[in-house]
Every structure is written in structure tokens, then in C-alpha cells.
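Notebook open, structure loaded. I'm jotting down what I look up as I go.

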2 protein chains.
Amino acid sequence: MSTRGAASGVVIELSAAIVAVSDEAPKILLVRPPEAILQSGLPCGPFDPAGHRTLEEGLRTWVEEQTTLHLGYVEQLYTFGDRFRDPQERAGGPRPVSVGYLALVRQISTKDTGESAWGDWYRYFPWEDWRDGPPPILDSLIAPHLEAWVDDANTKPDRNRRQERINLAFGFGGGAWDNERVLDRYELLYEAGMVAEASLDVGREPPAGLAGVLPHTGAVLIKDHRRILATALGRLRAKIKYRPLIFELMPPTFTLFQLQRAVEALSGGRLHKQNFRRLVAHEGLVEPTGHISGQTGGRPAELFRFRREVVHERPAPGVRVPVRVSKRGG
Amino acid sequence: MSTRGAASGVVIELSAAIVAVSDEAPKILLVRPPEAILQSGLPCGPFDPAGHRTLEEGLRTWVEEQTTLHLGYVEQLYTFGDRFRDPQERAGGPRPVSVGYLALVRQISTKDTGESAWGDWYRYFPWEDWRDGPPPILDSLIAPHLEAWVDDANTKPDRNRRQERINLAFGFGGGAWDNERVLDRYELLYEAGMVAEASLDVGREPPAGLAGVLPHTGAVLIKDHRRILATALGRLRAKIKYRPLIFELMPPTFTLFQLQRAVEALSGGRLHKQNFRRLVAHEGLVEPTGHISGQTGGRPAELFRFRREVVHERPAPGVRVPVRVSKRGG
DNA sequence: CCTATATATGCTCAATTTAAGTATAAGTTT
DNA sequence: AAACTTATACTTAAATTGAGCATATATAGG
């Protein structure tokens, strides 16, 4: 009836999805743990209740040790505790509970050493990048195999539930693609056995019918780090719309087009250029510096900086980009 | 440089903020733990890695045991792990890490037994209820004592930082009241020693100057449960705007005015009635049942039900109530 | 029945915001 | 110089929002 008794055999792991934007691409910082020969993972480490005053402090300590990178903006994402997310657990290890964090850094300051390296975010989620239109993999591979997974369910209500979920997550059957539902989509692919972790986690070979799919559904990370990454991307895509997070990723001054490219890199779609400028100007998110950019192609652009005061003026300052991405098949 | 080593002395506690709306008031379910003579708290219990397959399953188990209530909608909020949030820890107990959840139930089905009881949410956050205009306590008590706390800081930059934070959180100095920043406000009051937990947690008497304030800054809950509650209210206020969560709290059919009252109860402000109807109708959130309500006062109202299909049609279906509440002093 | 009062619901109207352009300016590349 | 890039100003129609008026249908009290 109360909080008597104590849990045992729990270990808390802190993991960080560290994001930067460079070359118009969203990047994520990865480390290659010594014990894993093949796969890399997010910077992470166990929470030490004796040494760490707070969870976030523990995370910062681990990250600085593993990447020699100092984190600025940090935000807690989610705590994952499902059984058997880590194969080690089957061998009698303690139950790992992992607290995932999202961190944003302004520029890529670490070199790609053997220890850590920046990777393109969409390497892990190829279906999330709609900047050049709907990713072909959706129609060629994902849709048919998900349909097969629907048919695979035993009962009619089960099939309906599955169909319902994939329609919602992927916008099949007339719905719209919602760029924030990154985690929903990843979890469906996981349940359908269409990402490699699904088989790795249960220690089995992937079913024959899916062996041809797995090489195309993104690169694998250790444990549940790809799930944490999916959570991070979803959160970030949602939050840039109502908080000025994007400026945590930009240099101190930037052109409006650079800003637009950064937003597009994260949100995975294209924006109407003229309306984008009007938007950020009208919301008071930026102010001109009076300086002109070292140009890249055409007419030189004016340099802008983030207007910090905006957080006082508006309840939800952010780049309120239209939620819609170009329709599927259109 | 990796995930070697294991933490020890950690116990994970699962806590639920269970919300219902009745009599136009938001309610929260509380239990009175046997060992605490004076204070009640949220339903909670330790996570058992051997018995609980997932964190959420553990939570549901504890809640059903403590409240004989079956939870419908459940969502994870945040994981709290700061040192010394629980006084027990100073006595050498293990480091408690608590995972907070938000749960929504449709009606109040448990009776108020000695074990559990429904309490008005705003009993714990009197400054959050703006339905009858700005709460007087803001100007009479909170503002002056927060100003004193600003002056209390040692250095000028510290004072500026504090002033900045309270301006943002409370909308002082010309800013607007953002009804979602519930946690920011609670944490500031905590840091300023203006809620009773602040002194309880460090095991000291409250400073003389604040003794008169504490009886008016809301009722106390055990451990950090009021912080979890603040997180829950903030999340709920934010989320009803873009997800149809409000219907998890409504009976199967309802009048539009009942729906409006429920939204007002949670968001803590008043809405324009005609525009509210237009909004929910135009967003396709509800559909008429054709039946007429057993009326309460004036002309009988039509009964509506939630249109589940709406989640397919719009990327962010929710009651997009205007973020603004009536201006302070206006 | 008549009146006051409460709620429900339909409708207007102006201001603002949004989506999607056209047009023009000012550079670089060939 | 012509072709091409990128930047920026401006237009226009449609949609949304905020505020309020007007009317309908009930109850309660004289």
C-alpha cells in the first residue's frame, strides 16, 4: 500500500544525443565503445549517485570525458526501462534504465578522432528526410513490408490496430506526414522487425523475408540508442516551432538563408523562402547586424543575430514553420 | 571512456499525477502514506526490475494497488534525480530517482477513502488559477517576496539573472503570463524559500521573514511530489493545444459548454464562448449526437462526442485555445 | 402570463496571419 | 555580355482570429 521495499539490480545509464548543424546537414555525435567491435553509440555512462549531484551533471561529466566537448543547451528527453533492451541483461546483468538527453552545440569543434565522430542524422533514419521530396524507400520498401506485417497479425482487430497505427505514423491512406512522429515510426519499424536492432535484441537471426530490407533501413547503434535518437529528433522538430532552440545551433551571426537551411535540415522539409524571412522578421526573432556576409553565390546577404529579448515578448517564440510537408506522391 | 562500471545505491520510484475534471475543477488523486502523519502524496512505489516488464507497467501496478483505479491514458513526464530531494537520503538512504507520470481518467470512480482522495489541483498552486482574473496573491505576496529574493543575491549579475528569471516565469515587467510555465514558477518559489518544501528538504526552520508567506503558497506534498505535479500541469496545459487529450477527461457525450469548462479548468483562464464553439467545430474535434442534454439552467444544449477520425485529418489536433490569458492588472 | 435571468447558438465584421506567388536587385560564373 | 545565383521587396487571395451583436429556448419568481 505504500513505498515500502526497495528495488534492486537497477543501473541508470545517461545518454546524450548531441546535435549540431553543418553543411546544411544535421549531425549527431557518436562514440565507438571499445567493447563493441562493429557498432557505435551515443556518448553515455552510468549515473553515479555518490559522485553526481544531479542527473544532468552526471551526463555532462560523461560527455566531457568521452568527447572533450562542453555542452551548452541540455534537455532531458525520456527514460527508457523496458526489459531486454540490452542483450547483456539476458546474461544475468542488472536491469538497465537509461535516461536520454538532447544537447545542442553551436559548432563542430571536436575533430573526428578514433573516439568520437559526427555522423549525418538521416543515416539512421533515411525515411525522415523529405527535403528532396518523399523518400523513395517509403514506397519501395517500407510500405509493402508494413502491409505484410499488418496481414501477419492473427486476429482482425489486431490487423485493424496495426493498420491504424501505420496510417497515423506514416500518413498512409490519405493522411498527412507529420514530421514530429519520428519515434512512432521507428517503433513501428522495430515491432515489424524492419530495423536490425529488432533481431539483435532478441539474439536471433532476422527472418528470411526481411534480410533484404535491413541494409536499407538505416545504420544501427548499440543498445537502444537509435530509439533515443528518434526521440531526440521528434522533440527537436516539435520544439523549434515554439522555442528559439534553432539559435543554439547557429553561429553568432548568420544570413537568413543559413537559418532557413538549418531549420530545413532539422525539420526534414523545404520552406518558402520569402515567407520564411517575413516570419522570422515579423516574430522579432532576429535583428540585422548591418554587416554583409562573405557571399557564397549570388547577391551578398545581410548578417543577422538572434534577438534574445523575444523570449520576453511572446509566449512561444519559435520558427513556426508550417507543419505540412509536401504531400506523398504529389 | 565507455560504459564500464556500475552505479550503486540507486532506487527508482514511480509516481503518478492522476488527473480528472469534475465540477468544473481539475482534480488530482492523492494517497496518505502510513508513515507520513501529516502530508499526503501522489500514488507511487519503487520500480521492481524483476517483477515489472516496463516502467509504465510498474506504475500501473502500484496505482491499481493503492487506489483500486484502472488507468487509461498514461504518459511519462520527467525523471528527477537531484540529490537531497528526499530528506531520508541524508540519513544514509539510497539515492532516490523518481520517474513522474501523467495519467488521465474520465471520471472520479474511487470514493474518498482513508487511503486516497481527490483534491483540487489549485490547492497546490493557488497562483495558477486565473479564471477569475489575476490571483491576488501574486501582487500581495509573491511579487514583493521575489523582489526581496532578487535583492538578496550577492553580485549584480546574480541579481540580474534572478530578475530575468522571475520576469520570464511570472510575466512581471511587461511580459505576458504564460500558463505553461508552471514548473518554472514553482522552482523559483522553491529557490526563494517561498514554498514549505524548501525548508523541509534541508531540515531547517523557515527563515523568519518567510514564515508568514508559507501558509498561502499552497498545500505541501511529500518529497518532490509537488514538483512532479507542477510538471504535469505544465505538460497538460501545453499538450491540450495540439493533442485531443481533453477528451480523455470527458464523459462519452458532453455539451460544448462542459467541454469549454474543462479546458478552462486546466488552462486556468477564460475563453470566448462563441469562438470556442467555432474552434472545436471547425477543427472537426467533435460531432453532434443529435441528443439534447438534461439541461442545467437555460436553453438545453446539444450533446456532442469526440470525433476520433480527427487524428488522421490534422497533424496536430487539439483545442488551440489562445495562449494569452487576461493581462495582469487589466 | 410576464419578467428577469441563464444558457445556447447563429452571424457579422475588422484585423491579422498565411500561402503562394511576381518583380526586382546585386552579386558570381562562363 | 549572358546566364545563373541568391537576396529582398511587394502583391494578392484565402484563411484564421478576436470581439461582439442578435436571437432562441429554457428556468425561476411574481
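**Entry 1: the surface near the DNA.** I sorted the residues near DNA strand C by character and got nine polar, seven charged and five nonpolar. I'm reminding myself that this is a predicted model. In total, 21 residues surround the strand. The closest ones come from both chains: Gln274(A) and Gly297(A), plus Lys273(B), Arg277(B) and Arg299(B). I also looked at which part of the DNA is involved: of the atoms of DNA strand C that come within 4 Å of the protein, 55% belong to sugar and phosphate.

**Entry 2: which helices?** Next I checked where these residues sit. Helix 8 (273-282) of chain A and helix 8 (273-282) of chain B each give at least two residues to the surface near DNA strand C. Helix 8 of chain A has the largest share, with four residues.

**Entry 3: distances to the DNA.** I picked out some side chains of chain A. For Gln274(A), I found a polar side-chain atom 2.6 Å from a base oxygen of DNA strand C. Arg278(A) also goes to a base: an N or O atom of its side chain is 3.0 Å from a base nitrogen. With His282(A) the partner is a phosphate oxygen, 3.5 Å from a side-chain N or O atom.

**Entry 4: domains of chain A.** I moved on to the layout of the chain. Chain A splits into domain 1 (10-123), domain 2 (130-218) and domain 3 (244-313). The centres of domain 1 and domain 3 of chain A, taken over C-alpha atoms, are 29 Å apart. These two domains do touch: 12 residues of domain 1 and 12 residues of domain 3 take part in the contact.

**Entry 5: a strand in chain A.** I then zoomed in on strand 2 of chain A, residues 25-31. Is this strand buried or exposed? Seven of its seven residues are buried, so the rest of the structure largely encloses it. Side chains in a regular strand alternate between the two faces of the sheet. I therefore listed each side of strand 2 of chain A: Ala25(A), Lys27(A), Leu29(A) and Val31(A) on one, Pro26(A), Ile28(A) and Leu30(A) on the other, all buried.

**Entry 6: its neighbours.** Which strands pair with strand 2 of chain A? Strand 1 (residues 10-22) of chain A runs antiparallel to it, joined by four bridges. Ser22(A) stands opposite Ala25(A). The two strands make a hairpin with two residues between them, and Asp23(A) in the turn has a positive phi of about 55°. Strand 6 (residues 116-120) of chain A also pairs with strand 2 in the antiparallel sense, over five bridges. There, Leu29(A) is opposite Trp118(A).

Methods:
Residues numbered from 1 in each chain as written. Chains lettered and ligands numbered in written order. Predicted model: local features only at pLDDT ≥ 70, side-chain atom pairs only at ≥ 80, totals over all residues. Heavy atoms only, no water. Near = heavy atom within 4 Å. Polar contact = N/O pair within 3.5 Å; in protein donor to acceptor, adjacent residues only side chain to side chain. Nonpolar A, V, L, I, M, F, W, Y, C, P; charged D, E, K, R; others polar. Buried < 20%, exposed > 50% of the residue type's maximum accessible area, 1.4 Å probe, protein only. Pairing = 2+ DSSP bridges. Domains from an automatic or database assignment. Contact = heavy atoms within 4.5 Å.
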